[in-house]
Structures are given as C-alpha cells and as structure tokens.
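User: Please take a close look at one helix and the disulfide that comes before it. Keep it brisk.

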Amino acid sequence: MALPWALAVLSLLPLLDAQSPACPNFSVPITNASLDQISGKWYYIASASHLPGYKEIASEIHASFFFFTPNHTEDTILSREYTTVGDQCLYNSSSLKVHRENGTLAKSENGREHFRHLLLPKDPKTFMLATFPEEKQNMGLSFFADKPEATPEQMEQFYDYLTCMGMDKSEVMYSDEKKNVCLPLEKQHDEERKKEKEGSETDTALDYDLVHYGSPIEIPTHPDFLSSFPQLHQ
C-alpha cells in the first residue's frame, strides 16, 4: 500500500508546482533594455517590509511618483521624486548607481549604500524593487506602475512575488492617489524646465536636493526604511 500512495503523491507534484506562485530571480543582470523599460514616470502603488517600524512610517506616505532617467554610459539613474507625506509634498533629486551584473540599484546615504534588487515582471508597465530577499527579518518588496492605480492582474503579480518571498497580503501598505498634493509642484517644475530649454540658466527649486511643499510636519525617520523607497529620501 505504501508504494501506490507514494506514486499518488508524486503524481500531484506537477499540479502543486503549477499552482504555486512563480518565484522571481533576484539576480537577473540589468541590460540597456532593462534601463529603457524603467525610464520615465512611475507611481508607487504598494509595498511590504519586515523592517522594524515600517508600518508606522509607511502610514505617513499617502502617495508618490517619480521620474527615472537612465544613463547607459555611466550606469546611473537620475531620480526625480515627489512624495506626499501628510499634507506636505517632498521633492528630491538624486542619483542611483546601477550594478548590472547582480541586478541591483544602489543609493548612497550618509556614506552607506542601500541596494535594491530590480524585478521586471511580464507586464512592462510595472516593476518591483526587493529588499534583503534572503533575510526574513528585513525583507521587503515595493511595487510600481506607470499609472496611479494598478489593474487586478498587475496586483496579482505583486501578490505572487510577495507570497513567494514568504510575506502575506495583510502586510501590504497601499498608496492613495486621492491624497496626492504634489501636482502643483510638478507643474511648477515643468514650467521651469521649459524656461531652461529656452536658454535660462538661473537657479531654480530643481537644483535643490530636497524641497518641502506644503505645511511643515514632523515624521519619524528610519534610514533603512527611507532608502527602501527610491522616491523618498530625507
């Protein structure tokens, strides 16, 4: 009786394997095509992390969007980030280093580099960044799309990756585009860029490392947490 039972169990393995979420490869090399795919405007949709204090800080982030401009020659990405925290818009312009071979992006803060694994799902209108995927106590996953709201199919891909990493949907924090207060500042910057193209060389808010737009508020900070969001730096 033991042999038939064992064979029956083995016959189920392909079915069980097909039903389980597909695990991403966290070390896919980054190519020029990869950089072109993540170029442009992106919206922060959702994230989950096991970092201590994550939920407390994430609850302060209502919405965020950013622009990626890759440089193939220098292996860098210029990131222009707009984040709504409370009723305040935080703007930051920073540079990310591209590590092609191990598939990571890095941001330097206070002499320390924070690495994020770039994940490109089948849908080219989305991408994800994974944090410490092999460390249960620190792992995290952030999800981005080219529109403020993701489709159910896009969200399902995020949930599948999340499950494969060992996290649960109940841990996910979501953005709320209705609370986005950064549109006026984005419009201001667009107008300033147009003037620059017309030959203006005057300093603007775009030259500053960080711009606050709105009522001043106090928010908790955690270096590792802040660096887990490429669009949030303080």
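Analyst: Here is the helix, followed by the disulfide.

This is a predicted model, in which local features need pLDDT of at least 70, side-chain atom pairs count only at pLDDT 80 or more, and totals for chains, interfaces and linings use all residues. Residues are numbered from 1 along each chain as its sequence is written, and side-chain values use heavy atoms, with hydrogens and water left out.

Helix α5 covers residues 183-197, 15 residues in total. Helices (H or I, at least four residues) and strands (E, at least two) are DSSP runs, numbered from the N terminus. From first C-alpha to last, α5 reaches 21 Å, close to the expected 21 Å. That expectation is 1.5 Å times one less than the number of residues.

The buried residues of α5 are L185, E186, H189, E192 and R193. They share one side of α5, because their arc around the axis is only 120°. The arc is taken from the directions from the helix axis to the C-beta atoms. Buried means under 20% relative accessible area, exposed over 50%, partly exposed in between (1.4 Å probe, protein chains only). Exposed K187, K194 and K195 sit on the face turned away from the buried side. Just after α5, G199 has a positive phi of about 110°.

Now the disulfide, a pair of cysteine sulfur atoms within 2.5 Å. C89 and C182 form one, with sulfurs 2.2 Å apart. C89 lies in strand β4 (residues 88-99) and C182 in the loop between β9 (173-174) and α5, so the bond ties together parts 93 residues apart in sequence. The S-S torsion is about 115°, so the disulfide is right-handed. C89 is buried at 0% relative accessible area. C182 is also buried, at 0%.
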